[in-house]
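Grab a pencil and work through these short exercises on bonds and charge pairs. Try each task before you read its solution.

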Amino acid sequence: MERRAMLKLTGLAGIVASGMAPAVVKAQENLRWRLASSFPKHLDTIYGGGEVFAQKVRELSDGKFNISVHAGGELMPAMGVVDALEQNSVEAAHTAPYYFFGKNEAFALSCAIPFGMNSRQLTAWMYHGNGLKLTRDFYANYNIVNFPCGNSGVQMGGWFRKQINTPEDIRGLKIRIGGLPGKVIEKLGGIPQNIAGGEVYQALEKGVIDAAEWVGPYDDLRLGFHKVAPYYYYPGWWEGSVGLDLLVNKKAYDGLSQHYKDIVSAASTYAHLDMQAKYDARNPGALKELVGQGAKVLPFSKEVLDASFKASEELYAELNASNPQWRTIYADYRAFQKDELLWFRFAEARFDQYMQTVSL
């Protein structure tokens, strides 16, 4: 027997003797994972994205690949999922990557940045531009493989206790907003506040904060912000869309058969599209209900948007100078966005503008 064949057999015998081989085979036939969400269960749209993904994995594997979904705080703090994946403590997570901009600002680029891409543009960049490749190269530093897994679409500009007519009206305001948008608010003279979602209503009610951004009509209605901060501004310039990600521990992912890897990819894509469809279907009715209950829906003035855009560009120049990983991904992101804006200008935008002026 050749030496190479002998080594293979000897190695295989050692694995079998250790009990590892049957475990590997069994793992591919009947597999259980845990998915840590960064969201509370009562937000059925965002938290539900993890459940939709898990259900589709179960269906596509004929019930052999099962993933239990755990709300933020059950297995670990909602903002602890990246650390848990990096440390091999959990197999998967469903989250908004911009939560982790404190680790590296580049986390935000697959999720949302001020004056970034809308949901269709971001999806195009991730799937048919360089987005997925560039962000996977970045996530490899954290022992993670990422997949797009949801998008809320463009968000609203938040709830304010008083009207915002000029950039000066933002100065001194305590606003529940974090991440890169918080840095922009600081440049405008506002005071960003990091407050957990479950505490926002009380903070607004008691005047601890003057304003708060959340998501959009469907989610905001459920939290009742309109009862304590009646001015509902749009658009959420800091979140032209919010891409949610499925993050998978690399060791767990590498241990999957190709068939199961394909299932993870297909299920995350299904959940990605399903979440956007849910928001588009549910937000119109919720907005009508909010207006019926007294919410005053107002646009940010061009003056406010222009000042916010200028401050955002200043922030990006600073990040390009200080963060090489940000600079690499951001350059490709902006180049793709410029082409997308040109196309949308001639197609989607003009069509939508016209349709919004006619009676149906």
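**Exercise 1: cysteines**

The structure holds zero disulfides (a disulfide being a pair of cysteine sulfur atoms within 2.5 Å). Before going on, note that this is a predicted model, where local features need pLDDT of at least 70 and side-chain atom pairs count only at pLDDT 80 or more, while totals for chains, interfaces and linings use all residues. Residues are numbered from 1 along each chain as its sequence is written, and side-chain values use heavy atoms, with hydrogens and water left out.

Task: work out why C111 has no disulfide partner.

- Step 1. Find the closest cysteine sulfur to that of C111: it sits in C149, 12 Å away.
- Step 2. That is too far for a bond, so C111 stays unpaired.
- Step 3. Check burial (under 20% relative accessible area is buried, over 50% exposed, partly exposed in between; 1.4 Å probe, protein chains only). C111 is buried at 1%, and C149 is buried at 1% too.

**Exercise 2: salt bridges**

Task: place the salt bridge between E213 and R176 in the fold.

- Step 1. Apply the rule: a side-chain nitrogen of Lys or Arg within 4 Å of a carboxyl oxygen of Asp or Glu. The closest N and O atoms of E213 and R176 are 3.2 Å apart.
- Step 2. E213 lies in the loop between β8 (211-212) and α9 (217-223), and R176 in strand β6 (residues 174-176), so the pair ties together parts 37 residues apart in sequence. (Helices, H or I of at least four residues, and strands, E of at least two, are DSSP runs numbered from the N terminus.)
- Step 3. E213 is buried at 8%, and R176 is buried at 14%.
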